[in-house]
Amino acid sequence: MSTTEGAATLARTGWTLGVLGAGAVASVLSSVMLGSVNLPARDVASVFFGEGSALARLLVLELRLPRTLAAFATGGLLAVAGALMQVLLRNPLADPYVLGISGGAAVGALLTMISGLGLAWISGSAFAGALLSTLIVFGLAHGTGSWTPTRLLLTGVVVAAGWGAVITFLLAVRPSPELPGMLYWLMGDLAHARGNVLPWLTLIVIVGLALPLGRSLNVLARGPLQAAVLGVSVRRLEWTVYLLAALVTAVAVTTAGTIGFVGLIIPHMLRLVIGNDQRLLLPASALAGGILLTLADTLARTVIAPEQLPVGVITAMLGVPVFLYLLYRSRT
Amino acid sequence: MPASPARSRPPRLWWLAVLVFALVLPQAAPAAGGGNISVSDDRGRSVELSEPAQRIVSLAPHLTELLFAVGAGDRIVATVAHADYPDAARSIPRVGTAAQLDLEGLLAASPDLVIAWGSGSPGTALERLEKLGITVYYSEPGDFAGIAADLRRLGRLAGQPERGVREARAFLNAVATLREEFGERPEVSVFYQVWDQPLMTVNDGHLIGEAIRLCRGQNVFGHLDSLVPRPGLETVIAADPEAIVSGGPGEDREDWLEAWRDWNQLTAVQRDNLFFIPPSLLQRHTPRLADGTRMLCEALELARERRAGPRR
Amino acid sequence: MSASLLSLDGLVIDIPGRPAGMALDFPLLPGECWGLLGPNGAGKTTLLHTLAGLRRPRAGQVRLDGDDLHRMPRRRIAQRLGLVFQDHHDGFPSTVLETALIGRHPFLRAWNMENAQDHDLARQALSRMDLGDLAGRQVQTLSGGERQRLALATLLTQDPPLWLLDEPTNHLDLHHQVAVLDLVREEVASGSRGAVMALHDLNLAATYCTHLVLMYPDGGMCWGPTSEIFHVQALERLFRQKLAVIDSPEGPWVRPVPGDRRTLA
């Protein structure tokens, strides 16, 4: 009886990952085939076989493919970070930004833009700002002793608000010529995504860690006392998860600005369908988050071409109806 | 206008031909299409083309204007939203806005030269274009001389060097004329309004600030550090400028000036020194800046006349 | 003399705001079933959590195999003792079977998935707790009694040598109360296990526990075999309640005397 139970779980896992994998491939393909310039599908396909017109090769290989890959990796990172935050804080309303990481990154980037340093500095200081914010929140929450998720959450919310105030101040007092670019970055912008190595490396590593960490996270989700009594080193695991989630979020925000909604909604949606086993939920979130953001970005740059919509608007418009539908169905 | 290629001459005049050719060649080289065009842009970079650009993409409305001014309008294959002067510019295909470029469309237009706005065009996109080997010219004129320089350089890049030189000279002459007419006039304190919500103005370092100085206006916020300061309403009222000059939400809407009329303790309101100048004549770095500056100088002159006595 | 499952070494539990109580000093041996009796606030839960290594004592130590429990890796502790809490929180939705399965966590290596044997253990535990039919149900839909039995099933799946149980009969109907305590007694009597239970019901404690600890609200403690400790005067003093004793072949039965509110010394 239990072998069929095990087999059923394995089958469900395989089926889920298979469907998501197919979705990932489909979303990447459609993103590469569509753009503000209409390229016939055959032309695009021939690029991958080493041929194709010069324009097609240029657009597909230099513009669309890097952007698609960046979108997929960023979406995956945000979804995984959201899942980790929800486990850490034992709160389904947590998202990657609730602990002020995006605020710190934004302040870092904004200061660089204002001081006129080169573009390469922007990514670096965004990352530094994210990590600084992580340390501040962690240090403050730790305070004089025990470190509960509630305390961490409250500290994070306050620090995030503090960063928000700093950002508003900087925008108001020194309106630099980079202002439009900065606003787009704050809304989330894949047009300026730089580099694919770091996001993909981070994504692969974090998904790789899902298996060994996953079961401990499942137990941790039941409460710190219950987890401790079942052999989980609760403090150490919570630190690890927090730092991992912060790192993952920092990489995502540095790549494409603060894209909202993905980190909150994707783990939720998946949980309604496949349950809360983190060993499946984390890789599935990576795939589903990548699919959502890739689709959203494709729409963002084609719907009103040659102009672009902010991608955060599209993720909301795509995600909300699907989520509501799943929620409705799961009532029964 | 290619020079006639050297044809074989009878030997006795051969050395004459070489001499003539040696003298003519340097001036004719760009036109002959056989040599390099090399200019430096407003960032001090060296921009080189092997022949005049045939397919130009301009990344700001005022840059489109500059290109039309040097006779290169027909070579523009793509530009950005709001490029509306001259009328022919409206029909050029768009590739996004100045701040948010449509890179695909831009690349599909196969440009051999891209004119970018130093402070307005997105840096990462331009970086990517340069990495793909596309020649980019950054325009960022800070003063009247800078506009003239841009006219000359764009003329050379677009194969219209003499036209570029001519337009630059005409522009500088117009400015010089204004200096002669108004350069010795008594100062008038003035507030120039760039935007109303929030209230924005310019300081002395701004190009508009320079225009104000030329007309012997004294910008009440000229001393501030920021290029585009945002004073509070109280500060403007306290400064009590003699004249208020503003643009508007459109080329012919004087809404912002009307709003100032409510404050009738202001000198400018009492003397009706509220002057509207279409924004594109002062806020775009083009030859039309001379027209806008003329309007500004005449407005300030009117303000001086009104010092004498009650309103007409 | 078999090795002790746990050893209390001058142990003084820490209740914030209360001065230190008496030190506890005795071993927990296999085959013993200890009952903790005392009014609310006396520290029964605190003692159980201290024994499980979840709280630090104010003084003294808890020893496992001679070593201080608090210095040990949690995984090792979890293989030797298990604790059923008074309250159960289930943050995210999960099934009954999944909840029982987490009992196997201390025995699985990081990279392992649960195998058929683990599933078997969990299912057996569920059926012993009369939950066999509910394996696929969502835990949020369980009644209080079912959830309590599920917590016990998790412990059974974990199957450690020492069982710590915080009011295991809460929410259970009479049938299941007896069934659970029968199970505990059976497992302990087999000789390889021990148990410590916090109980409210004096008679159940007398019936099922081999040893008792009386925990007084001022910090005083007395402990020993049930036959020595279970005396009506001590119990009256403990609960500040007049009791009536009835002798029976199975042992003394006590019941409260209603209305008698005399404060007893």
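**Exercise 1. In what order do the four strands of the open antiparallel sheet of chain C stand?**

*Solution.* A word before we start: this is a predicted model, and every value below is computed from it.

Step 1. Read across the sheet: the order is β2-β1-β4-β5 in chain C, with antiparallel pairing.

Step 2. Look at the ends. β2 (24–28) and β5 (67–68) of chain C are the edge strands; each has a single partner strand, so one side of each has no neighbour in the sheet.

Step 3. Zoom in on one edge. Strand β4 (residues 59–64) of chain C pairs with β5(C) in the antiparallel sense over two bridges. Across this pairing, Arg63(C) stands opposite Asp68(C) of β5(C).

**Exercise 2. Work out how strand β9 (residues 211–215) of chain C sits among its surroundings.**

*Solution.* Step 1. Begin with burial. Five of the five residues of β9(C) are buried, so the strand is largely enclosed by the rest of the structure.

Step 2. Sort the side chains by direction. In a regular strand, side chains alternate between the two faces of the sheet. Here His211(C), Val213(C) and Met215(C) point one way from β9(C), while Leu212(C) and Leu214(C) point the other way, and all are buried.

Step 3. Find a parallel partner. Strand β3 (residues 33–37) of chain C pairs with β9(C) in the parallel sense over four bridges. Trp34(C) has His211(C) of β9(C) as its bridge partner.

Step 4. Find an antiparallel partner. β9(C) pairs with strand β10 (residues 221–225) of chain C over five bridges in the antiparallel sense, and Leu212(C) stands opposite Gly224(C) of β10(C).

Step 5. Follow the chain from β9(C) to β10(C). These strands form a hairpin with five residues between them, and Gly219(C) in the turn has a positive phi of about 105 degrees.

**Exercise 3. Describe the packing of helix α2 (residues 41–48) against helix α3 (residues 54–88) in chain A.**

*Solution.* Step 1. Two packed helices are described by the angle between their axes and the distance between the axes. For α2(A) and α3(A), the angle is about 70 degrees and the axes are 9 Å apart.

Step 2. Classify the angle. It makes α2(A) roughly perpendicular to α3(A), because the range for that label is 65 to 115 degrees.

Step 3. List the residues. Asp43(A), Val44(A) and Val47(A) of α2(A) meet Ala56(A), Arg57(A), Val60(A) and Leu61(A) of α3(A).

Step 4. Split the residues of this contact by class: five are nonpolar, none polar and two charged.

**Exercise 4. Which two chains share the most contacts among the two pairs that touch?**

*Solution.* Step 1. Chains A and C have the most contacts among the two touching pairs. Chain B and chain C do not touch, and their nearest C-alpha atoms are 43 Å apart.

Step 2. Take the contact of chain A with chain C: 25 residues come from chain A and 25 residues from chain C. On the chain A side, α1 (2–33), α8 (197–220) and α9 (224–229) each supply at least two residues, and α8(A) gives the most, with five residues. By class, this side has 10 nonpolar, 10 polar and five charged residues.

Step 3. Now take the contact of chain B with chain A, which uses 21 residues from chain B and 21 residues from chain A. On the chain B side, α3 (103–108) and α4 (123–131) give two or more residues; α3(B) has the largest share, five residues. This side has nine nonpolar, eight polar and four charged residues.

**Exercise 5. Build a short profile of chain B, from its overall make-up to a single residue.**

*Solution.* Step 1. Chain B has 12 helices and 10 strands. Of its 312 residues, 43% count as buried.

Step 2. Pick out its four-strand open sheet, which runs β4-β3-β5-β6 with parallel pairing. β4 (76–78) and β6 (136–139) of chain B are at the edges, each with a single partner strand, so one side of each lacks a neighbour in the sheet. Neighbouring strands of this sheet are turned by 35 degrees against each other on average, direction ignored.

Step 3. Move inside the sheet. Strand β3 (residues 56–58) of chain B pairs in the parallel sense with strand β5 (residues 113–117) of chain B over three bridges, and Ser58(B) has Ile115(B) as its bridge partner in β5(B).

Step 4. Finish at Ala243(B), one of the residues with the most contacts inside the largest nonpolar core, which has 254 residues. Not counting residues up to four places away in sequence, Ala243(B) touches several residues, including Val188(B), Val190(B) and Phe275(B).

Notes:
Residues are numbered from 1 along each chain as its sequence is written. Chains are lettered from A and ligands numbered from 1 in the order in which they are written. This is a predicted model: local features need pLDDT of at least 70, side-chain atom pairs count only at pLDDT 80 or more; totals for chains, interfaces and linings use all residues. Two residues are in contact if their C-beta atoms, placed from the backbone, lie within 7 Å. Ala, Val, Leu, Ile, Met, Phe, Trp, Tyr, Cys and Pro count as nonpolar, Asp, Glu, Lys and Arg as charged, and the others, Gly among them, as polar. Two strands pair if DSSP finds at least two bridges between them. Axes are lines fitted to C-alpha atoms, for helices over the stretch in contact, and angles run from 0 to 180 degrees between N-to-C directions. Angles under 35 degrees count as roughly parallel, over 145 as roughly antiparallel, 65 to 115 as roughly perpendicular and the rest as oblique. A residue is buried if 20 or more other C-beta atoms lie within 10 Å of its own, exposed if 12 or fewer, and partly exposed in between; C-beta atoms are placed from the backbone. A nonpolar core is a set of buried Ala, Val, Leu, Ile, Met, Phe, Trp, Tyr and Cys residues joined through C-beta atoms within 7 Å.
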